[in-house]
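Me: Please take a close look at a single part of this model and explain how it sits in the rest of the chain.

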Amino acid sequence: MRGDSFLFAITPRRELLPNRWDLVAFPLIIGLLALTMIGGKQMSAPLTILDAGAVTLDPANLPEYALRTTLRMLAALVWSVVFTLVYGTLAAKSRRAELVLIPILDILQSVPVLSYISFTVLFFMALFPGKVAGAELAAIFAIFTAQAWNMTFSFYQSLRTVPRDLDEASRGFRFSAWQRFWRLEVPFAMPGLIWNMMMSMSGSWFFVVAVEAVTVGDTTITLPGIGAYLSKAIDDRNLSAVGWTIVAMIVVIILYDQLMFRPLVAWADKFRFEMTAAQAAPESWFLDMMRRARLVQHVGQPIGWLIRGFLRLRVPMPQGRQQTNVRRSPMSKIIDWAWYVVVAIGTIYVAWSIIDFITAELGWSDLWTVLTLGFYTLLRVAILIVVASLIWVPLGVMIGLRPKLAERVQPLAQFLAAFPSNLLFPIAVVVILKYKLNPDIWLSPLIILGTQWYILFNVIAGATTYPNELREAADNFKIRGWQWWRKVMLPGIFPYYVTGAITASGGAWNASIVAEVVKWGDDTVKAHGLGAYITDTTTAADYPKIVLGVAVMSFFVIVFNRTIWRPLYAYAERRFRLD
């Protein structure tokens, strides 16, 4: 792995005068900070200001709306990173914590995103009564639930597959668990985490449309933003406003690709696990400018000192499994059994509470109906994951092995992943009704439309981190064709593919709720499935049936993950580590 720290080096310089790079870098930094402060100030304003500034379809307002939406998404991304580091680390380093945390993560990713906002909006509004901040936090939390899970799965997978020789070397240097975490494990996980951050930002655009209208009782609070603008454009059937929304999205995606993700990808390239230099490293003009700007380096120097001091701390944290699970003591086994009993009791209690709530008003016939519908959705999800894998795995490898191509494709992939698939619903309705197609078949592609990108982004991450010397060795041995895929590349990207497939699968279950019932005007097309069942019962406010539908969906996701994806995770951990 190249580079000895995951932080970029801040080169000390004696000169205090700014150079030509500072003339561009400083105004850019100050401008970004000013925009952030303006957006933050608007978020703390009283609620009455929203009535005075209702969302309009005037394109002149789109820059302000774009700023507000971007700040919400960035705030949610920051919290997603913090959650990922804490949750993923606990799950990866502790067997007992993993027993609880991973099934909970399976459930969290299968619960419809919009369900979170209905439970949390009153809590956040109570924290800031009469302020916009309460509604803003509710919206940010809903966006967080659309971003965090795939990042956590990626980080967890990376921590489980850190090469053993690197781990042993770090222990030989007598690094504490804290130092090993920041100097080895986080850098190793960084490429996959960055590509999943991109996917999270893109994927959350779909939910921005819904979360920028917060409902409290009989009142709906509309937060200014691109999502609210698009929602109003769809309600008014204003196609020119929809076009302006797409233009604004493209501009925002290009900006955060150039100012955030491309610098991160270029910076993370030094953490590639290889002994030889990559043939073509990714580049970023913004990162180069920041490294060359003399005054920026001087101003950032104290921050660099603080961060390096933070990394040298000796904070207690779990040692990890490679050292602790070799031989367990009798006391450890007793604690394990006690922990299993506690988890089993807690699981039985939660399951019994759900069954008690459901059976108060529903019977076994309802359960059988929901299970049958669940099998329909399961069949769709399984077929679509296979089809998406056959398409995106070869393309992801092709992009990931070519940094220059990845630079060109990166913003396009982000835009396609961010494109709200509900804009295609009217087309689906018109075509299905006109040609009298079977909705059970032809609505299915809408389920995978927004989630197939998890597979692509994770495969690209796996291919970009594949050691260059292994590729050169394969070339020297004349390994070509299917043998190259079977012996060289597929084993290398397999852990990343499993992460992408598991999050795509969870996202597809979630997307079935909106994709199995599609409306345009007075026309409605519906497929048989669990998603359509949850949509219908939610519309009817039939809470026992909603709970039954969500519980059965969580059951299917957990069983699917435990029987298919978890064994594949374990197989990848045993057979495909880069040791």
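Reply: Helices (H or I, at least four residues) and strands (E, at least two) are DSSP runs numbered from the N terminus. This is a predicted model, in which local features need pLDDT of at least 70 and side-chain atom pairs pLDDT 80 or more, while totals for chains, interfaces and linings use all residues. Residues are numbered from 1 along each chain as its sequence is written, and side-chain values use heavy atoms, with hydrogens and water left out.

The part chosen is Ser204, in the loop that links helix 8 (177-203) to helix 9 (205-211). Ser204 counts as buried because its relative accessibility is 1% (buried is under 20% relative accessible area, exposed over 50%, partly exposed in between, with a 1.4 Å probe and protein chains only). Leaving aside residues up to four places away in sequence, Ser204 touches Met73, Ile143, Ala146 and Gln147 (contact means heavy atoms within 4.5 Å). Ala142 lies 62 residues from Ser204 along the chain, and their C-alpha atoms are 9.2 Å apart.

Met73 belongs to helix 3, which spans residues 62-93 and packs against helix 11 (residues 239-268) at about 50°, the axes being 11 Å apart (axes are lines fitted to C-alpha atoms, for helices over the stretch in contact, and angles run from 0 to 180 degrees between N-to-C directions). Helix 3 is therefore oblique to helix 11 (under 35 degrees is roughly parallel, over 145 roughly antiparallel, 65 to 115 roughly perpendicular, the rest oblique). On the helix 3 side, Leu62, Ala66, Thr70, Leu74 and Leu77 meet Trp244, Thr245, Ala248, Val252 and Met260 of helix 11. By class, that contact has 8 nonpolar, 2 polar and no charged residues (Ala, Val, Leu, Ile, Met, Phe, Trp, Tyr, Cys and Pro are nonpolar, Asp, Glu, Lys and Arg charged, the others, Gly among them, polar).

Trp205, where helix 9 begins, is with Phe457 one of the residues with the most contacts inside the largest nonpolar core, a set of 146 residues (such a core is buried Ala, Val, Leu, Ile, Met, Phe, Trp, Tyr and Cys joined through side-chain atoms within 4.5 Å). Phe457 touches Trp195, Met198 and Met199 as well as Ala413, Gln414 and Ala417, again without residues up to four places away. A second, separate core has 6 residues, including Ala25, Met289, Met290 and Ala293.

For the chain as a whole, 51% of the 579 residues are buried, and the secondary structure comes to 25 helices and 4 strands.
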